[in-house]
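Biologist: Got a minute to go through a model with me? Please put it up first.
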Amino acid sequence: MSRRERTWWIVGGIVIVIYCLFPIAWIISLSFKPPPDIANGQFLPSSFSWENYQLILTGAASDLFLPALRNSFGICLIATFISCILSMFAAYAIARLDFPGKKLILSAALAVAIFPVISIVTPLFNLWRQIGLYDTWLGLIIPYLSLTLPISIWTMSAFFREIPWEMEQAAQVDGATTWQAFRKVIVPLAAPGVFTTAIIAFFIAWNDFAYGISLTSTSAARPVPAALGLFTGASQFVSPTGSIAAAAVIVTIPVVVLVLIFQRRIVAGLTNGAVKG
Amino acid sequence: MASIEMRHIVKQYGDGFPAVNDVSLDIADGEFMILVGPSGCGKSTLLRMIVGLEDITSGDMIIGGVRVNDKAPRDRNLSMVFQNYALYPHMTVFENIAFPLRLAKTPDDEVRRRVNEAADVLELHEHLERKPANLSGGQRQRVAMGRAIVRQAEAFLFDEPLSNLDAKLRGQMRTEISRLQRRLGITTVYVTHDQTEAMTLGDRVCVLRKGKIQQVASPRELYEQPVNLFVAGFIGSPPMNFLPATLQGNRLETPFGHIDLDEKRAAAVKGRELLLVGIRPEYFEDASLVDEAKRPLGSMFRARVDVTEWLGDSQYAYIPYEAPEAITTQLRDLSRELDSEELRTQAIVSIDSTSRIREGREAEFWLDSRKVHVFDPTTGENLTRDAEAGAELTRMANQDRVDQVEDAKAGARTVGAA
């Protein structure tokens, strides 16, 4: 690459990064603005204030926000965990075994994934109310599984297919049972796939709004996206922009942290050296 | 250590295609058996049936006197080296080699001792803490072998273990495997399509074609007394030349002049019209370089040389010839089956490297007619095979093996057997 070309690549990169990150930067800046500043149209706050954060963490909105944060974490982590375990077994079977109906399972999973969420919210609302799942953690975990499982199965089976079957056969010849071969050889090799899947599943659950707003009514199970929609200003003439921005920043943090932690693990390529490439 | 017996083994796939068809083979304790054949002949399938990774449709697989058809791979106590090595990339070399021991719940100090012994044999000591990804092809190959020899398996199974290495390394590893097998004296089954490996490694070689055994014999017997056209064409490089011939009394008329047959062989081919004569390249020679004393043992002919290849220690000449249509198609089918594509009917002739025979010129050749074989062109059967001489060659090879195993037992011990 010539010097000139490289300069253009760098300039182009910077432009794209600014374009992508500008809205986020704006939200962060909003979250630090005192209420009179919010509509002033300037990027930087005229005076730096923690007021919005105080409001949602210790102030009036904390009753709404803190339980929601706890619910979101709990529900999403449980849903992600169950979804990972289930999809790991399902994907392993799909990648390894030849059984009738394999195509059907995969296409059904895909169909579920593209099915519009909003269309089943109302029936689910009625059903949940009748069987007592309305406004409970379990009442959200189950629909979240339906959101995360299809994509998890698809990603995970792609990863499993990448693992040479010889690995497992070698383990069996070496004296491993099927379960030992799976646990000691296949799972460690599929770890990047499991982490990738876990992160994707967590994001999907974390970002859900439709189920969160419809299937909950109190802070017993209401997740953060739904809680954000219920924020109110100090009076009905003040919009809660500042506190929403602060809450948005806070709920983005775990996502960023997750990606940073698992970034290295997501990088596929652990199978390098398993077989002659 | 154990013998492996196969009784009428059949492998049929879902669509009814028999990948292995009625194979019966006895592999003696400590023997080095090669399964060889062109791609798709069922040799790998057979190996995988021995180790248990492939179900057996019918027949009996008996290892060490026990029928193992229904046993899982882990209960058969065999070790296998895969074509792509199948090392565990998330473990160090040490843990890779130790894996079978760990599964068997071997105590830690015992594991350490045996892995170190295996590493000694394979010279892997400085690599024990590395991951497979950081090793070269030859080192990975050695790790795979280390994993195989670290426990006392009944037998070693190799599935084309050298086909991923470059030519030079392949030669080194070949002698390494041979030395290791002799030293440990363990029954070994080795699948390959490379006939150099087949000829140099095996005590006996089993030639397979379309799932059926063609011939099981020592390399020498295969080379000198092949049972049919297929074995004759498969073993030997460059391959045996097949010339069309018509019989007139005791004399075969070929495109390269006539060949006189001795009484015994003449009797064997009597009464047939069209025949195929199989002549190995080294039975030919540049006539001007042949001793006067040897000349009467063969016949002379003149032919135009198409191409010569000088390789330093040897030299090959290509001589085109005309053949009847039926023979040409049959030879083409055969060569296709042997994974090569013979475009023209030509004989490959090995001549002395000092010979000055030139391309495009006519030259005089001498042909040693004592060792030629005559084949039936329709069935492919070798009409002039001397079964007794062949059996004698295999018996001698077997005696050599028994002696070597005795020596190994007296001297070296298996890795890990304290």
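What follows covers the model's basis, chain A, the contact with chain B, and a sheet.

Biologist: What is this based on?
Modeller: This is a predicted model, where local features need pLDDT of at least 70, side-chain atom pairs count only at pLDDT 80 or more, and totals for chains, interfaces and linings use all residues. Residues are numbered from 1 along each chain as its sequence is written, with chains lettered from A and ligands numbered from 1 in the order written.

Biologist: How many helices and strands in chain A?
Modeller: Chain A has 11 helices and zero strands. Helices (H or I, at least four residues) and strands (E, at least two) are DSSP runs, numbered from the N terminus.

Biologist: What box do its C-alpha atoms fill?
Modeller: Roughly 70 × 70 × 30 Å, along the principal axes.

Biologist: Now the contact. How many residues from each chain?
Modeller: Chain A gives 22 and chain B gives 27. Contact means C-beta atoms, placed from the backbone, within 7 Å.

Biologist: Which element of chain A gives the most?
Modeller: H7(A), with six residues.

Biologist: Switching to chain B. What is the strand order in the sheet?
Modeller: The open sheet runs S2-S1-S4-S5 in chain B, with antiparallel pairing. Two strands pair if DSSP finds at least two bridges between them.

Biologist: Which are the edge strands?
Modeller: S2 (18-27) and S5 (66-67) of chain B; each pairs on one side only.

Biologist: And how many bridges between S1 and S4 of chain B?
Modeller: Five, between residues 4-12 and 58-63. In S4(B), Ser58(B) is the bridge partner of Val10(B).

Methods. Contact = placed C-beta atoms within 7 Å.
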